[in-house]
Amino acid sequence: MPEALSYQQPPLVHLLVASSFIYLLNVARILADFILHGGVVAEIALGVVYGSPLAALLPIHWEETFTVLGYVGLVLVVFEGGLSSNLPMLLSNLPLSTACALVGIGLPIAFSFALLTAGFGYRPLEAFAAGAALSSTSLGTTLAALNTVSRGRSVSEESSDTVKVTSCEATEACSLPTTRGPSPAPRADISTMHKQENDRTPLQQSRIGTVLISAAIIDDIVGLVIAAVIPALAALNADSSQTSHGNLTWTVIRPLLSSLLIAAMSPVIARFVLRPFFWYRGLGELWCAPARIDKPWGMSMFAEVGSGWGTQAHADAVKLFLMVCAVSAMAAISDYSGTSVLYGAYIAGLILTYLSHPPPCHASPSDGPRPIVNDSQPKERLDALSFEATFVRTLGPLQDNVLLPLFFASIGFAIPFLDLWNPTIIWRGIVYSVLMCLAKLAVGLPILLNAPLVHCTALLWNGLRRSVIPMLDRISAYSRSTAPRIETSGAASPSQGAPTTEKMGDRPSTTACQSSSSKARAPSSTITASAPAAVFMGVAMVARGEIGLLIAQLARGDPSASGPAGLLSTEPFLLCIWAILICTLVGPVSLGIIVRKWGDRVNAGAWG
């Protein structure tokens, strides 16, 4: 066996196939973004054509390598989602995210039982395995589509802003000959318009974007729990011993328990260990922010004038090292504890985002002892410490042009394309796909009903308080009137106190009756205002992908191998593939159309 690889010039065919594959992935994505508002569709289709399902231009070991590189891109896009998350908003909306995730998990499984078992006559375990595969949400596909439509939205807004400014300047220039002097009013209006547009919340950091990302994370965690349960269920189906039951219990509990422990311990460690160490004597800012007039970079040997150290590239190199360490550590902890590598990458992004914001009473390294409050931090200081900006500068081009296209192409490698075209499989697969799309669209219902439920809860609480407080006043007055020490004056107390209580009780009820007509219209108006956000939420959760394919493949098993058979036979497995394929294609396209059509209405009002 040779000690080292024999370096030789690759054959021309291999060079052409590899280079054309990567190049066409980018070209196809650009064209599909322009035509269909969903570049994911073209990348998956090109993976089907180049991979084993159709032309088999790529050798198997190439497909395996591209799958690994693509999964690195998936980990990076999830990590970027953690870097761009709004942590306070994430925590405040966690109950709503959990409700959306539970709807997105429960309805696909319920619909699968209804259709596959009652309609098509498959076994209940097959219906459960298929529903479990379709209950997951492709977090990578969702985040990639969200980034794509956000970039397209910002580009279109910039072009429209340019047109507006040009028209305003032209109008001002045309009006100059007829005026006595240049008026500053149009310039002020233009600057105000730019300020308002620059302050607009990005879609990923808005409330609806935060709810979407956290709900997709919860879906993936539950999906990975189910992925771990599926092989145990297959073994239990073949062996119903007590040992198998015990293993199944631990298999179910372990991913959930580890996910909860990571979610509970990470904020504590970040708050009391990592953040104090990062800001100890301004250590983190010294190395992670480039040098400026009032701040050196690194150690004293690098702070000399003219040394050439302390540029943006040097600070980015330090932050890139910290990002690699954080992602590697959290991915290893998550994987060895039994949960998802993607979950660990997202937690790592949240931790670094938390570390990069200075504590409430921390001054910059060259400042005096004066405190600096978080809400009043100079924007330049926060931008210099931003891990997200460094990620975009250093890893963004590699991720967007190489790793993510390979990830979506690797989904195409795993689709048994030719087996899908049996007539029975086609019509059953389309029906099942439509039902699975509707199941995920229903995730928007908690968004739609959130404001009316909050409104009704407030009304119920106010009504309960108005009815209970007068009752407590009456009880208190009665107890005082029957006390022995005030027995002589107690007879007059009820007669004198009752009218007062009734008047006090009448006043709120009269006010409530007067304001009921205005409050009755509040739920309908909030439902109308939340409709774009609800549709956006449902459509964004439609896309399945890597987790769905993983669960379907695990439930299918290896028919050629000896051992326990999988839960899914050939027909329900192909129905799963149909549903995963159609949902993964329809979701990003529909998401792009909705964001480009409704624009700011998606994250307007309470969802911004």
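These questions and answers walk through a predicted model of one protein chain.

Q: How many helices and how many strands are in the chain?
A: Look at the secondary structure of the predicted model. No strands turn up in the chain. The count is 22 helices and 0 strands.

Q: What percentage of the residues in the chain is buried?
A: A residue is buried when its relative accessible area is under 20%. The chain has 608 residues. The buried part of them comes to 43%.

Q: Where does Ser85 lie, and is Ser85 buried or exposed?
A: Ser85 sits in a loop between helix H3 (60–83) and helix H4 (87–92). Its relative accessible area is 9%. The cut-off for buried is under 20%. So Ser85, in the H3–H4 loop, is buried.

Q: Which residue's side chain makes a polar contact with the side chain of Ser85?
A: Start with the contacts of Ser85, leaving aside neighbours within four places in sequence. They are Tyr346, Leu350 and Thr353. A polar contact needs N or O atoms within 3.5 Å. One side-chain pair is at 3.0 Å, and the partner of Ser85 is Tyr346.

Q: At roughly what angle do the axes of helix H2 and helix H22 cross?
A: Helix H2 covers residues 39–50, and helix H22 covers residues 570–598. Their axes come within 7 Å. The crossing angle is roughly 150°.

Q: How many nonpolar, polar and charged residues has the contact of H2 with H22?
A: H2 contributes Val40, Val41 and Ile44. H22 contributes Leu581, Thr584, Leu585, Pro588 and Val589. Sorted by class, they give 7 nonpolar, 1 polar and no charged residues.

Definitions and conventions: Residues numbered from 1 in each chain as written. Predicted model: local features only at pLDDT ≥ 70, side-chain atom pairs only at ≥ 80, totals over all residues. Heavy atoms only, no water. Helix = DSSP H or I, 4+ residues; strand = E, 2+ residues; numbered from the N terminus. Buried < 20%, exposed > 50% of the residue type's maximum accessible area, 1.4 Å probe, protein only. Polar contact = N/O pair within 3.5 Å; in protein donor to acceptor, adjacent residues only side chain to side chain. Contact = heavy atoms within 4.5 Å. Axes fitted to C-alpha atoms, helices over the stretch in contact; angles between N-to-C directions. Nonpolar A, V, L, I, M, F, W, Y, C, P; charged D, E, K, R; others polar.
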